[in-house]
Amino acid sequence: MPTLPPKTTRAPSPPWTSLDVRADFPILACGERPVVYLDNAATSQKPDAVIAVTTRYYKSMNANIHRGVYRLSVEATDAYESARTRTAAFIGARHPREVVFTRGCTEAINLVAMTWGLQNLKPGSRIVLTQMEHHSNIVPWQMVAARTGAQIEVTPVTADGELDIAAFERLVSQGAALAAVTHISNVLGTINPIAELTQIAHRHGALMLVDGAQSVAHMPVDVAALDCDFFTFSGHKMCGPTGIGALWARGELLDAMPPYQGGGDMISTVSFEGSTWNVVPHKFEAGTPDIAGAIGLGAAVDYLTRLNMSRVAEVEANLLSYAEKILRTIPGLRIVGQARQKAAVISFLLDGVHPHDIGTILDQEHVAIRTGHHCCQPLMDFYHIPATARASLAFYNTPEDVDALAAGLRRVIEVFR
Amino acid sequence: MSDLRELYQQTIIDHNRKPRNFHALADADHHAKGHNPLCGDRLELYLKMDGDRIADAGFTGAGCAISTASASMMTEAIKGRTIQEAKSLFNKFHTLLTTPMHEPIEIDGLDKLEVFSGVREFPVRIKCATLAWHTLDAALKDDRSEAKTE
């Protein structure tokens with residue numbers, strides 16, 4: 001029988017607050033002085049429900065999938081495929097077969113570049129990116145461009161951190177084959193108008209890939225409504241385990257794409273005269289996948305579904321406006337990224353203090369933030385800054401966490417006075 | 001807070017705010033670039049020689065307080081020294097940063113550079129303190145590639 005991850009006993013009835021869900025995350029209460037965790041754009045913390053399901057898989061269900069005729073293997077296969085079904089539903093996919101499990105968002109983008117890209121890009125083909133892309137949505141395209149002779153165009157951003165939509169349209173209208181755009185900037189917090197950008201791309205005959213690494217855990221995502229062609233994301237940024245992520249693509253695209261890696265499970269028949277490929281999505285999942293990771297991702301999806309993504313977005317929006325209000329009281333602090341549509345990611349600079357020093361001093365106060373270029377060197381170059389400090393919030397962060405950040409920043413100023 | 005004051009001693013804060021020798025040397029005999037890919041710190045080092053002796057040193061760039069103060073204090077410390085003396089100073093500085101905490105520091109001749117002893121408590125920041133010195137090493141070798149801490 002299909003084995004679904006267990007439901008947690010307490011399902012918060014809306015509208016819940018951060019305080020109601022914090023207890024689901026053991027690490028937030030770990031140690032004598034628990035960490036104030038504000039690096040959620042790098043990775044999220046994991047709720048008990050996800051940890052328990054992953055452990056349970058290894059303790060009572062571990063077997064390889066799509067192979068055995070014995071009960072354990074059937075159970076593991078059902079749990080793995082059920083995780084795919086729920087993940088597909090979570091992002092509004094029409095069919096579970098449109099979801100390919102990968103190691104993460106990075107591998108999902110590489111998969112598209114090395115399969116669809118190598119098959120479809122030719123000398124002179126254009127790939128339209130944006131100035132605010134993460135290295136993982138730049139470098140795979142540079143690699144495929146080097147092999148195919150395709151060329152990369154970059155959509156500029158405004159000083160506030162919004163995309164220049166007119167420039168985007170100009171670039172895709174010049175015969176672009178693909179536009180690849182982040183849903184939410186991991187540095188600026190900008191929520192890009194994907195549905196509008198997709199319309200523009202399609203109008204000019206380009207496909208649209210959306211890097212959803214920063215969006216799936218912070219807002220409702222519906223790939224059908226976005227109307228994009230590829231959507232990529234990581235499990236570990238959405239309360240799931242590391243090492244698992246997914247590519248969603250329209251079924252007909254996946255059917256036409258060549259395999260990514262060769263090996264077991266991705267084949268239908270193998271002989272030395274030649275091999276034939278398995279059906280989608282298995283064609284793209286060579287070898288034994290991260291079964292525990294996929295099942296954990298399924299549990300994360302269940303957890304977020306119970307919380308309701310609209311409520312998650314609302315809680316984080318309230319937290320963001322509180323945080324921006326508090327941070328504006330810190331003398332010499334400047335927020336980088338002031339888009340009108342913004343997720344709870346706050347990059348900032350402090351007069352006369354390098355972000356790296358801010359990070360070290362905040363760490364002494366048990367406040368964990370990220371400092372550096374955030375894998376977005378082209379964006380740093382655009383703003384002529386070497387680095388920023390970044391606080392990225394999640395629905396389990398509280399106003400008290402923001403207060404601890406502000407207190408830590410006042411300590412930074414004191415040290416540097 | 002005590003650890004923080006160990007790391008960010010007043011001398012370091014002062015050199016970060018007002019770096020000494022913070023300029024390029026137009027007539028430099030040696031020049032090298034340094035880069036810490038982890039945090040993006042970049043600096044350029046210029047040396048003017050008088051025979052075997054470093055007659056003048058200057059640097060430009062942007063980095064955290066530890067790397068800026070380290071570059072500033074290094075340029076002060078190496079002026080007037082021979083290449084061999086500068087290299088020996090780097091070795092001593094390196095030993096300072098890698099001496100385990102709570103072990104006494106028994107290194108002669110570091111003088112002011114001992115203010116960096118607090119960096120030992122923060123292993124991820126050791127590379128900030130050594131960037132300038134790696135760049136010095138590259139400059140003396142006339143290494144055209146960028147000195148890296150990684």
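The largest nonpolar core of this predicted model has 168 residues. Within that core, A:Ala179, A:Ala206 and A:Ile295 have the most contacts. Helix α10 of chain A, residues 291–307, gives the most to the core, with eleven residues. The points below take the chains in turn, then some local features.

**Chain A as a whole**

- Chain A contains 14 helices and 15 strands.
- Its radius of gyration is 22 Å, close to the 22 Å that the globule rule gives for 417 residues, so chain A is as compact as a globular protein of that length.
- Along the principal axes, the C-alpha atoms of chain A fill a box of roughly 75 × 55 × 35 Å.
- Of the 417 residues in chain A, 52% are buried.
- Take the contacts in chain A with a separation of 6 or more: 71% of them join residues 24 or more positions apart.

**Chain B as a whole**

- Chain B has five helices and four strands.
- Read from the N terminus, the order of these elements is α-α-β-β-β-α-α-α-β.
- The radius of gyration of chain B is 14 Å, which agrees with the value near 15 Å for a compact globule of 150 residues.
- The C-alpha atoms of chain B fill a box of roughly 45 × 30 × 25 Å along the principal axes.
- Buried residues account for 43% of the 150 residues in chain B.
- Among contacts in chain B with a separation of 6 or more, 60% are between residues 24 or more positions apart.

**Where the chains touch**

- The contact between the chains uses 13 residues from chain B and twelve residues from chain A.
- On the chain B side, nine of these residues are nonpolar, two are polar and two are charged.

**Helix α7 of chain A: a buried side**

- Helix α7 of chain A spans residues 194–203.
- Its buried residues are A:Ile194, A:Leu197, A:Thr198, A:Ile200 and A:Ala201.
- Why do they share a side of α7(A)? They cover an arc of only 160 degrees around the axis, which puts them on the same side.
- A general rule helps here: an α-helix has 3.6 residues a turn, so residues three or four places apart point the same way.
- The cover over the buried residues of α7(A) includes two helices of chain A, α6 (165–173) and α8 (223–226).
- That cover also includes the strands β5 (176–182) and β6 (207–211) of chain A.
- After α7(A) comes A:Gly205, with a positive phi near 80 degrees.

**Strands β9 and β10 of chain A: an open hairpin strand**

- Strand β9 of chain A covers residues 267–271.
- Is β9(A) buried or in the open? Of its five residues, the number buried is zero, so β9(A) lies largely in the open.
- β9(A) pairs with β10(A) in the antiparallel sense, over four bridges.
- One of the bridge partnerships links A:Ile267 with A:Trp277 in β10(A).
- A hairpin of two residues joins β9(A) to β10(A).

**A cis bond after β10**

- The peptide bond from A:Val280 to A:Pro281 is cis, with omega near 5 degrees.
- A:Pro281 sits in the loop between β10 (274–277) and α10 of chain A.

**Two histidines with positive phi**

- A:His366 is not a glycine, yet its phi is positive, about 65 degrees.
- A:His366 lies in the loop between α12 (355–364) and β13 (367–368) of chain A.
- A:His366 counts as partly exposed, because it has 15 C-beta neighbours inside 10 Å.
- A:His374 also is not a glycine and has a positive phi, about 55 degrees.
- A:His374 lies in the loop between β14 (370–372) and α13 (377–382) of chain A.
- A:His374 counts as buried, because it has 23 C-beta neighbours inside 10 Å.

**A:Glu365 and its contacts**

- A:Glu365 is in the loop between α12 and β13 of chain A.
- A:Glu365 has 18 C-beta neighbours inside 10 Å, so it counts as partly exposed.
- Which residues does A:Glu365 touch, not counting those up to four places away in sequence? They are A:Ala404, A:Gly408 and A:Arg411.
- A:Glu365 and A:Val36 are 329 residues apart along the chain, while their C-alpha atoms are separated by 8.8 Å.

Notes: Residues numbered from 1 in each chain as written. Chains lettered and ligands numbered in written order. Predicted model: local features only at pLDDT ≥ 70, side-chain atom pairs only at ≥ 80, totals over all residues. Rg over C-alpha atoms; globule rule 2.2 N^0.38 Å. Buried ≥ 20, exposed ≤ 12 C-beta atoms within 10 Å, placed from the backbone. Contact = placed C-beta atoms within 7 Å. Core = buried A, V, L, I, M, F, W, Y, C linked by C-beta atoms within 7 Å. Nonpolar A, V, L, I, M, F, W, Y, C, P; charged D, E, K, R; others polar. Arc of directions from axis to C-beta. Pairing = 2+ DSSP bridges.
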